[in-house]
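Me: Please take a close look at a single strand in this model. I would like its cover, its partners and its place in the core, in one connected answer.

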Amino acid sequence: TQVMKAEPFLELSSGQTAHHYQLFVEKDPDLVVPTVQDLFDQSFNTSRVKLRRAPPVLILQMPRFGRQFKVYDRILPSQLLDVTDIISSSPRQCVICGVLAEWECPACYGDHDTGLASTAFCQTCLHRTHQHKRRLSHKQERLARPPGWAKQPQQPIPRIYMELVAVVCIETSHYVSFVRCGDSPRAPWCFFDSMADRKGEQNGYNIPELSPAPDVEKILSEAGAGEVKNSANLVLGDQAKRLVSDAYMCFYQSPDVRMYR
């Protein structure tokens, strides 16, 4: 709190609070280039931790340790991060029929859909899908019903999204950052390097540099992200390569939540 000059952004279901969350995952051989959404869902499903309420800011540390060890050589930051299924007070949708979910089955992760959305069921669909002998050993957890929500087919269940606003990267010796220059997801991105150049030797000083990052805007678009995810060896420009290869921390914000927190 003293370092960040802010109260912790995250209230965990374990009773702890934190300013950031580190993603811990095992490498999935089926993921060529994972997105932050992929790693986020996998990490929270494994840890069984949830957030008590939607945070105004979410800082995620990528699954890498120091400069040498990376679980994945490339990670694509998700421009919009769906956090609906890790908010304990948020209504969730049954993955089969779409009504209000009443149960969660972590072992069904990825079976009927992708991500954490695949783990939520209503009572009827949970019973039906778990008649299969392959799922008889699954352990389910009952979800708390959010106040004011009923199991009605016509009641739409909203999703909660957070927007990517910055990515801090490190390759060898110092940090650099990519930052969104505006409040809209369509705003341009820039690249900041505090040690881009240097004047003098021992008693000299670093010269920072701020430059546009059009390549980053391209790979964060839907079309560009599709190309990156499907090819681990896709040739990228210097800035885009730095973003996906050296990402260390991703910063997300919720404009709606920040209005009152």
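The request and the reply below stay with that strand and its surroundings.

Me: How many residues of strand β4 are buried, and which strands pair with β4?

Reply: This is a predicted model. Strand β4 spans residues 57-61, and 5 of its 5 residues are buried. Take the faces in turn. Val-57, Ile-59 and Gln-61 sit on one side. Leu-58 and Leu-60 sit on the other. Both faces are covered. The split follows a general pattern: in a regular strand the side chains alternate between the two faces of the sheet.

Now the partners. Strand β3, residues 21-22, runs parallel to β4 and is joined to it by 2 bridges. Gln-61 in β4 has Gln-22 opposite it. Between the two strands the chain passes through α1, and this β-α-β crossover is right-handed. Strand β15, residues 247-253, pairs with β4 in the antiparallel sense. That pairing has 5 bridges. In one of them, Leu-60 is matched with Cys-250 of β15.

Leu-60 deserves its own look. Beyond its neighbours within four places in sequence, Leu-60 is in contact with Tyr-21, Leu-23, Val-36, Phe-40 and Leu-81. Its contacts also include Tyr-248, Met-249, Cys-250 and Tyr-252. Cys-250 is thus both a bridge partner and a contact.

Next, the core. The largest nonpolar core has 54 residues. Leu-58 and Leu-60 are among those with the most contacts inside it, together with Phe-40 and Tyr-252. Strand β11, residues 161-170, gives this core its largest share, 6 residues. A second core is separate and has 10 residues, including Val-95, Phe-121, Cys-125 and Leu-126.

Back to the crossover helix. Helix α1 covers residues 36-47, and Asn-45 belongs to it. Asn-45 is buried, at a relative accessible area of 10%. A polar atom of its side chain lies 3.4 Å from the backbone oxygen of Pro-106. Setting aside residues up to four places away in sequence, Asn-45 touches Pro-106, Tyr-109, Leu-116 and Thr-119. Pro-106 therefore appears twice for Asn-45, in the 3.4 Å approach and in the contact list, where the cut-off is 4.5 Å.

To sum up, β4 is buried on both faces. It has β3 as a parallel partner and β15 as an antiparallel one. Two of its leucines, Leu-58 and Leu-60, rank among the residues with the most contacts in the largest nonpolar core.

How values were computed:
Residues are numbered from 1 along each chain as its sequence is written. This is a predicted model: local features need pLDDT of at least 70, side-chain atom pairs count only at pLDDT 80 or more; totals for chains, interfaces and linings use all residues. Side-chain values use heavy atoms; hydrogens and water are left out. A nonpolar core is a set of buried Ala, Val, Leu, Ile, Met, Phe, Trp, Tyr and Cys residues joined through side-chain atoms within 4.5 Å. Buried means under 20% relative accessible area, exposed over 50%, partly exposed in between (1.4 Å probe, protein chains only). Helices (H or I, at least four residues) and strands (E, at least two) are DSSP runs, numbered from the N terminus. A polar contact is a pair of N or O atoms within 3.5 Å; within protein, one must be able to donate a hydrogen and the other to accept it, and residues adjacent in sequence count only if both atoms are side-chain atoms. Two strands pair if DSSP finds at least two bridges between them. A crossover is right-handed if, with the strands pointing away from the viewer, the path from the first strand over the helix to the second runs clockwise.
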